[in-house]
Amino acid sequence: MSDAEKGAVGTFLEEIDPIVFAFGALLTVGVIGTFFINQSLVENTISTLNTVMLEYLNWALLAIVFAIVVFLLFLIVSPWGKLRFGDDPPEYSFLSFFAMLYSAGFAAGVVFWGPTEALFYYDNPSPLFDVGSQSGAAMSVAIQQTLFHWALPQLAVFTIMGIAIGYFAYNYENVPLRVSSALTPVLGKENLDGPAAKVIDILAVFATIGGVATSLGFIGSQFVSGLNYQWGIDLGNAGIILVVTTMTLLFTLSMVLGVDKGIRRLSNFNMILFVALLLATFILGPSIFLVMLGTQAIGGMITDFVAMSLFTGAGVEGGTEWANTWTVFYWAWALSWSPFAGLFIARISRGRSVREVAFTGIVATSAATIPWFISLGGTAVWMQHNGIADFSEVMAFELGAETTGFIMFDAFPLGTVFMIAFMFLVTTFFITSADSSTLAVSMMTTGGKAHPSNINRIFWGVVLGMTAAILMILGGVDALQSAAIITGAPFAFVCFIAMLGLIKHFSSTEGRLLLQEETVLIGSSGKPETESPSGPGGAVETDDD
């Protein structure tokens, strides 16, 4: 029976994985329902879970993300990189592939934090560096820390999931395109419908809802704050829900059009607008200063990469609190994206090599991200340092971080034009982030179906939009950060196991790269010693014989 004969509802009911869909839907819809019944209960629960995660798992997140970065860099240069995702040619051009990968959630955070983050480090530098607040030296350290947070490590965690899911799904029969497939070497191909795989997929749905709602909440709050700052339009809580609902309708339209007509075209448009705003900021800003500042910051990031990666703040006054507020939060946020971003990357990577996906995921995207933060973040810091614009209320948390871009562009010629372009970019990235994430969640809840029904996509789109609105109402950025940490921290271990599974599989099928095949790490090889003939070149007798 065809889909047309079954009808939309019949197709939806037949395609869903009842266990993953039921548990994922009940969990998220239950949280939304509880919010309307008892808002304080939801708020207190989020706060408690956030505290527990930060106290016991902060070091693990730092170590796991660092290990993943090292492994991906190794894949790019090692013979394992030549392995391919199936035998078909790539479905999309490289530029479209890159634009979709970049727009799938990550870019929403890039736009939000671009002009803002360096200001916080300029005012309160990492305790790892011995520089004074708002000093000249703090300017370079601020950009360096920002680049570290938004270059290789954040990008690495969803790239590793994309490689793990895509490689096994496209190279082996009966391995579906879903998150639990990343653990195929660990679970076994025959157990991908078993209880452990179901738990992984349910956890992936939960992590995705929290992580993507965080991204959408950031973007939505930026839109609302822009209206209030520039035109004095205070929408209140009802307005927040209205804005998020409107954007949800927009990305639903894009979603229904599909990957080719919807996500691909909008992603390409996003990148054009992104580059145009970046170049305009660089040209109108302190261009030569930005070049020098960026050069110094990139050098510092490379030099201090290991120290920044593993800085827990132990023994340093305020160090652990600083690391938890920034680095640990970012890694948890990225980890909460990793199920949907990894699944989406796998979805668009058929025919590409492991090296190409790893390179695009952490090197090409970093090459696009670094100039954005140097230009926007560096301009904001320069303006504050030289008294051209005043961000003191933002740094003191009296104004939300989302207003920084509007304050900065207000100091530019034709500032209103820049602000409108900025808000438009915010909106379009919101749409692509929600679009790709909703597709991924729909795929998770249908057992890996590449083209889920529209009813499935619309359901999860509404859930994502409602969750983002609730988090914005509960506590703005603080609630969004807590949600990301709660949902992302547990998934760190899934990413770590996926990486170990890839190492195990590649070593067994493609050969070890560091040790000989017959090398035994513990104990003896178990091979009997052969007798050697006596005489010249033979065994030498000793007193022990």
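# A guided tour of the predicted model

Begin in the interior: the largest nonpolar core has 163 residues, and within this core Trp 113 and Trp 372 are the members that touch the most others. Helix α14, residues 319–348, supplies the largest share of the core, with 18 residues. Keep in mind throughout that this is a predicted model. As general background, nonpolar side chains in soluble globular proteins tend to be buried together.

**The whole chain**

Before zooming in, show the chain as a cartoon, where the secondary structure consists of 20 helices and zero strands. Colour by accessibility next, and 58% of the 545 residues count as buried. The accessible surface comes to about 21800 Å², and carbon and sulfur atoms account for 63% of that surface. Among contacts with a separation of 6 or more, 82% are between residues 24 or more positions apart.

**Trp 372 and its surroundings**

Now select Trp 372 and display what lies around its atoms. Which residues does Trp 372 touch, not counting residues up to four places away in sequence? They are Val 110, Val 111, Gly 114, Phe 274, Leu 277, Leu 278, Gly 377, Phe 422 and Leu 425.

**Helix α4**

Move to helix α4, residues 94–103, which is largely enclosed by the rest of the structure, because eight of its ten residues are buried. To see them, select Ser 96, Phe 97, Phe 98, Ala 99, Met 100, Leu 101, Tyr 102 and Ser 103, the buried residues of α4.

**A salt bridge across the sequence**

The chain has six salt bridges in total, and a good one to select next is the pair of Glu 91 and Arg 347, whose side chains meet with an N to O distance of 3.6 Å. This pair links distant parts of the chain, since Glu 91 sits in the loop between α3 (39–77) and α4, while Arg 347 belongs to helix α14, 256 residues apart. The two partners can be compared by their accessibility: Glu 91 is partly exposed at 43% relative accessible area, whereas Arg 347 is buried at 6%.

**A network around Arg 178**

Select Arg 178, Asp 193 and Asp 201 together, for these three residues are linked in a network of salt bridges. Arg 178 and Asp 193 meet through their side chains at 2.6 Å, N to O. Arg 178 lies in the loop between α8 (152–171) and α9 (184–187) and Asp 193 in the loop between α9 and α10 (195–231), so this bridge ties together parts that are 15 residues apart in sequence. Arg 178 counts as buried, with 4% relative accessibility, and Asp 193 counts as exposed, with 59%. The other bridge joins Arg 178 to Asp 201, where the closest N and O atoms are 3.7 Å apart. Since Asp 201 is in helix α10 and Arg 178 is in the loop between α8 and α9, the pair ties together parts that are 23 residues apart in sequence. Is this second pair buried or exposed? Both Arg 178 and Asp 201 are buried.

**His 505 in helix α20**

Go on to His 505, which has its place in helix α20, residues 491–510. With a relative accessible area of 12%, His 505 is buried, and its side chain makes a polar contact of 2.8 Å with the side chain of Tyr 172. Leaving aside neighbours within four places in sequence, His 505 is in contact with Tyr 167, Phe 168, Tyr 172 and Pro 185.

**A nonpolar patch on the surface**

Switch to a surface display and select Val 275, Leu 279, Ile 283 and Leu 284, which make a nonpolar surface patch of about 370 Å². Val 275 belongs to helix α11, residues 236–284, and counts as partly exposed at 38% relative accessibility.

**Two loop residues with positive phi**

The last stops concern the backbone, and the general background is that most residues other than glycine have a negative phi. Select Gln 134, where phi is near 60 degrees, a positive value in a residue that is not glycine. Gln 134 is found in the loop between α6 (117–123) and α7 (136–150) and is partly exposed, with 33% relative accessibility. Then select Leu 414, which has a positive phi of about 55 degrees although it is not a glycine. Leu 414 lies in the loop between α17 (404–410) and α18 (415–444), and at 67% relative accessibility Leu 414 counts as exposed.

Terms used. Residues numbered from 1 in each chain as written. Predicted model: local features only at pLDDT ≥ 70, side-chain atom pairs only at ≥ 80, totals over all residues. Heavy atoms only, no water. Helix = DSSP H or I, 4+ residues; strand = E, 2+ residues; numbered from the N terminus. Buried < 20%, exposed > 50% of the residue type's maximum accessible area, 1.4 Å probe, protein only. Polar contact = N/O pair within 3.5 Å; in protein donor to acceptor, adjacent residues only side chain to side chain. Contact = heavy atoms within 4.5 Å. Core = buried A, V, L, I, M, F, W, Y, C linked by side-chain atoms within 4.5 Å. Patch = residues over 30% accessible without salt bridge, like charges linked within 9 Å, V, L, I, M, F, W, Y side chains within 5 Å. Areas by Shrake-Rupley, 256 points an atom, 1.4 Å probe, with all protein chains shown as cover. Salt bridge = Lys/Arg side-chain N within 4 Å of Asp/Glu carboxyl O.
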